[in-house]
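Trainee: I would like a close look at one helix and what lies around it. Please take it in one connected account.

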Amino acid sequence: MSAQSHPTLCQVVNEVVETTSVFDIHTHLFDPAFGSLVSWGIDDLLTYHYLIAEAFRCSTEPAEVFWSLDKSQQADWIWQHLFLERSPISEACRGVLTTLRLLGIDARKRDLPTLRKHFAKWTPESYTDHILQIANVRKVCMTNLPFDDQERPYWEKGFTRHPSFVAALRLDPLLLEWEKTAGQLHGWGYDVRADLSGQTLGEVRRFLGDWALKMDSQYCMVSLPPEWRFPENTVTNRLLQEAILPFGRDHGQAFAMMIGVRRGVNPELRMAGDSLAPADVPSVEALCAAYPKNKFICTMLARENQHALCVAARKFRNLHIFGCWWFLNNPSLIEEITRMRIELLGLGVTPQHSDCRVMDQLAYKWSHSRPILAKVLSEKYSDLSDTGWHVTRAEIERDVHQLLGGGFEAFIKH
Ligand code: RAT
Ligand code: ZN
């Protein structure tokens, strides 16, 4: 009786975490106005690069055979290897099934052609709204590349923006492939030179200003290899120090660094072929110390870096850490990392982002992450209760809003 009239702390926390709408701060999703660039539906779910890597392990066929198939044939192949010939118990496979369940689609017959039929009635626009509602996501940050020939025309032409989609200006080609990118910038009318001489750095700042305005970007971002060091006299660091950071100070744009990816360790797997290695937290600390007027956002890919990165965030209030990225986005690791972060940083962290590439994935990624966050939070509030400090529901709502994107919004606010 009393349990019914007075929900337990754990029940309240679960309910608040389930019902608080998320700002998903890093995804690879597109506003539905991007048309054919929008990924959604069962074939895109099954050909997610996390699943491609897993399916390759189940077959001895040459990689070219897979890459020569069209998308629905690739999906058939992955379904066969990962869902029919063995049970789909990996996190990425489970994600497909959670998504179907949340969409109200019965997958128990294991019949892919029937599953496909469920997606036929949607358009990208109506489907986007449907998924945002199922996932309870209020805002999605995209990853936007002005250097991409498919994406750029949409920005140049202009479009009516979906109210839930915001942009982040992604700068990997600028920072990591400068010589090639310099040629591109030159072609677009910026007076830049490969050796960074003359007007180059001012022109890069002008380029950044133009694109931040065009996209109304929330922040700028890059994914860096584990070898990145600061300070060190490299082209990447000069562009960072003399173009991106001054631009960031002038335009109130935080700079996000996702560090630790080793691109293409197995080129045969194409975009599924990236790996990781531990990165250098002291470099992040040195950057935060050298540029106290810039705001930095950081996540690292190696589990080994997580503790030191929490400590770095304790030392620098201009550093906000986020997400259990890619190979860390598994329940056991999310729980461990989230608990540690909350113990070291309280509410001053964004525990999760989705990194979705397929619209439907918003449903599973948040449905898998929320109960873990609720579990860790319940434990922490219960420890507080033991001291005599009882949190109210309103306080829990305030805290959860902060963790699910509200704190991040406040951090990047101009
Ligand atoms: O998680 C991913 O999907 C990766 O392929 C990367 O895109 C990574 O998240 C990144 O932003 O570089
Ligand atoms: Zn990403």
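Mentor: What follows is an account of helix α17, the elements it packs against, and the cavity it helps to line. The model is a predicted one.

Helix α17 covers residues 331-345. With 15 residues at 1.5 Å a residue, α17 should span 21 Å, and the distance between its end C-alpha atoms is 20 Å, which agrees. After α17 comes Gly346, which has a positive phi, near 60°.

The buried residues of α17 are Leu333, Ile334, Glu335, Ile337, Thr338, Arg339, Met340, Arg341, Ile342 and Leu345. The list thus holds Glu335, Arg339 and Arg341 alongside residues such as Leu333 and Ile337. These buried residues pack against β8 (296-300), α16 (306-315), β9 (319-321), α18 (361-386) and α19 (393-412).

Three of those partners belong together: β8, α16 and β9 form a β-α-β unit, and the unit is right-handed. Within it, β8 and β9 run parallel and are joined by three bridges. Ile297 has His320 as its bridge partner in β9. Strand β5 (residues 254-259) also pairs with β8, again in the parallel sense, over five bridges. In that pairing, Ile259 is opposite Met300 of β8.

The strand β8 itself is largely enclosed by the rest of the structure, because five of its five residues are buried. Buried here means under 20% relative accessible area. From β8, Phe296, Cys298 and Met300 point one way, whereas Ile297 and Thr299 point the other way; all are buried.

The remaining topic is the cavity. The count of cavities of 30 Å³ or more comes to one. The largest cavity has a volume of about 70 Å³. Its lining consists of Ile334, Thr338, Pro351, Gln352, Trp366, Ser369, Arg370, Ile372, Leu373 and Leu404. Helices α17 and α18 each supply at least two residues of this lining, and the largest share, five residues, comes from α18. Ile334 and Thr338, both in the lining, are also among the buried residues of α17. Helix α18, for its part, is one of the elements against which the buried residues of α17 pack.

In short, α17 has buried residues that pack against two strands and three helices, namely β8, β9, α16, α18 and α19, and α17 supplies at least two residues to the lining of the largest cavity.

Notes. Residues numbered from 1 in each chain as written. Chains lettered and ligands numbered in written order. Predicted model: local features only at pLDDT ≥ 70, side-chain atom pairs only at ≥ 80, totals over all residues. Heavy atoms only, no water. Helix = DSSP H or I, 4+ residues; strand = E, 2+ residues; numbered from the N terminus. Expected span 1.5 Å × (residues − 1). Buried < 20%, exposed > 50% of the residue type's maximum accessible area, 1.4 Å probe, protein only. Contact = heavy atoms within 4.5 Å. Pairing = 2+ DSSP bridges. Right-handed = clockwise from strand over helix to strand, strands pointing away. 1 Å grid on protein atoms, 1.4 Å probe; cavity = no way out; pocket = protein on both sides within 12 Å on 5 of 7 lines; lining within 4 Å. Points joined across faces, edges and corners; volume = space filled by probe spheres on them.
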